[in-house]
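Colleague: Before I use any label for this protein, I want to hear what backs it. Can we go through them one by one?

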Amino acid sequence: MTKQTPSSAGLNRPQVRPTAEGWKQPMGPDGRPQLQFAQKPRVSQPPQHLADMTLAERSAKLKEMGLQAFRAKQLSVHYFQHYTTDPEQMTDLPAAQRQELAEAMFPTLLTEVKRLVTDNGDTIKFLWRLFDGSLVESVLMRYPGRVTLCVSSQCGCGMNCPFCATGQNGLTRNMSTAEILDQIVQANRVIAEGGLKGTGRKGVHDAERVTNIVFMGMGEPLANYKRVMNAVHRMIDEAPEGLGMSARGITVSTVGLVPAINKLAEEDIPITFALSLHAPDDELRDDLIPVNSRWKADAAIDAAYNYYQKTGRRVSIEYALIKDMNDHPWRAALLAKKLNARGRGWVHVNPIPLNPTPGSIWTSSEPEVMQEFLDILNDAGVPTTLRDTRGKEIDGACGQLAAAE
Ligand code: SF4
């Protein structure tokens, strides 16, 4: 009996179609999955917080309240450098004013509901409750030489992807700039208190605060463009105006909102851009990523290429490998062809294995199929590396914790 190679096995492989399991995708009048690009009018946002404002705006607000404007800088140091909003710890402020100043600038934004920690302690998933009861998640991961936080940018999501727990109830609202940033400040506090274990290159912790941000938590960041960009600015602003992070460590990821990608390319901030493509052909992508009905795969790839041309920064293509759905060798070849047609050296492909989920259509590809997919792309000259999937044991995929609550 001849042994089948993955390629010959691939020829006979079935085509599994994307469909929501255990919930019903809301459909629009055109019979396609409904898309929601903006929150409903009159949905309230949380009270204004220090992190929503520039340093000058913070000073102006304090002045307006009859308080000393220069206190803005001290409060900013407490928040962005000491990670505290507790007036008791602000001993450089006059005791009689601490409470009033803290109340003016630090309304409670995120309340911890749940914290799941991996056995070795190097990955923590947080579930936060917001002022209006909305639930969002962030995931903190230590790697040698860096600490990455995966942040949420919206409560729910309007992109209605059939595989995603977050999108099941649509978009509740956009998160505010300060809500996005508070995820980082809270994570930094946990790290400072020794709550994130794991070791760096020399066997010691070699990053003592969050160094890298990925906008891959709940929500479509480019659908909340203004607040997300404000948050990015505050991440890279010098301390104490902001967190003083490196822009290169920040990755904004999208399912393909083409006009917003083009706008991002004009921002002149050297962040990393990632396109969640997941299929190179519209036939499949129309169902897998419903926003594809608005902007097709080629238009999204063109926008990604435009980002590279405008910024000179290599872009990432995210590709979740799903068994018998999008992991066929011909799709790897088509993806390579489409990327190479635009140029060389401008893109990196990151396939991500899904969690193995027996009985579900949303399950990981077989290891040899994944390897073949990678080989086809690499052999075609497209740098491709399998992404690490941290946090599997704590329900790593976005939205799972909030959905369970
Ligand atoms: S996968 Fe991303 S874009 Fe799609 S519904 Fe989930 S959070 Fe939204």
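Modeller: What follows is a set of labels, each set against its rule; bear in mind that this is a predicted model.

Colleague: Start with the sheet. What makes S1 and S11 edge strands?

Modeller: The open sheet has nine strands in the order S1-S2-S3-S4-S7-S8-S9-S10-S11, and the pairing is mixed. Strand S1 (111-117) and strand S11 (347-353) each have a single partner strand, so one side of each has no neighbour in the sheet. On average, neighbouring strands here are turned by 20° against each other, direction ignored.

Colleague: How do you know that S10 and S11 are paired?

Modeller: The rule asks for at least two bridges between the strands. Strand S10 (residues 315-321) and S11 have seven bridges, in the parallel sense. So they count as a pair. Tyr319, for instance, stands opposite Pro351 in S11.

Colleague: Which helix lies across those two strands?

Modeller: Helix H11 (residues 367-379) lies across S10 and S11, and runs at about 175° to S11.

Colleague: Now S4. Which strands does S4 pair with, and in which sense?

Modeller: Strand S3 (residues 135-143) joins S4 through five bridges, antiparallel. Strand S7 (residues 212-215) joins S4 through three bridges, parallel. Both counts meet the cut-off of at least two, so both are pairs. Cys150 of S4 has a place in each pairing: Cys150 is the bridge partner of Val139 and stands opposite Val214 in S7.

Colleague: What about the hairpin of S3 and S4?

Modeller: Two residues lie between the strands, and Gly145 takes a positive phi near 85°.

Colleague: Why is S4 called largely enclosed?

Modeller: Strand S4 (residues 146-150) has five residues, and four of them are buried, so the rest of the structure largely encloses this strand.

Colleague: Next, the binding site. Where does that label come from?

Modeller: From UniProt, in an unreviewed entry, which lists Gly219, Glu220, Ser253, Ser276, Leu277, His278 and Asn355. The annotation may be inferred rather than shown by experiment.

Colleague: Why is Ser276 called buried?

Modeller: The cut-off for buried is 20 or more other C-beta atoms within 10 Å. Ser276 has 22, so Ser276 counts as buried. This residue lies in strand S9 (residues 272-276). Beyond neighbours within four places in sequence, Ser276 is in contact with Ser253, Thr254, Val255 and Glu318.

Colleague: And Asn355: what makes that residue partly exposed?

Modeller: Exposed needs 12 or fewer neighbours, and buried needs 20 or more. Asn355 has 15 inside 10 Å, so Asn355 falls in between and counts as partly exposed. Asn355 lies in the loop between S11 and H11.

Colleague: Which residues touch the most other members of the largest nonpolar core?

Modeller: Ile184, Ile261 and Ala304, out of 106 residues in that core. Domain 1 (50-105) and domain 2 (109-404) each supply at least three residues. Ile184 has contacts with Leu149, Val151, Val210, Ile213 and Leu243, leaving aside neighbours within four places in sequence.

Colleague: How do you know that the two domains touch?

Modeller: Residues in contact have C-beta atoms within 7 Å. The contact takes 11 residues from domain 1 and 15 residues from domain 2. On the domain 1 side, helix H3 (residues 71-80) gives the largest share, five residues. The C-alpha centres of the two domains lie 33 Å apart.

How values were computed:
Residues are numbered from 1 along each chain as its sequence is written. This is a predicted model: local features need pLDDT of at least 70, side-chain atom pairs count only at pLDDT 80 or more; totals for chains, interfaces and linings use all residues. Helices (H or I, at least four residues) and strands (E, at least two) are DSSP runs, numbered from the N terminus. Axes are lines fitted to C-alpha atoms, for helices over the stretch in contact, and angles run from 0 to 180 degrees between N-to-C directions. A nonpolar core is a set of buried Ala, Val, Leu, Ile, Met, Phe, Trp, Tyr and Cys residues joined through C-beta atoms within 7 Å. Domain bounds come from an automatic or database domain assignment.
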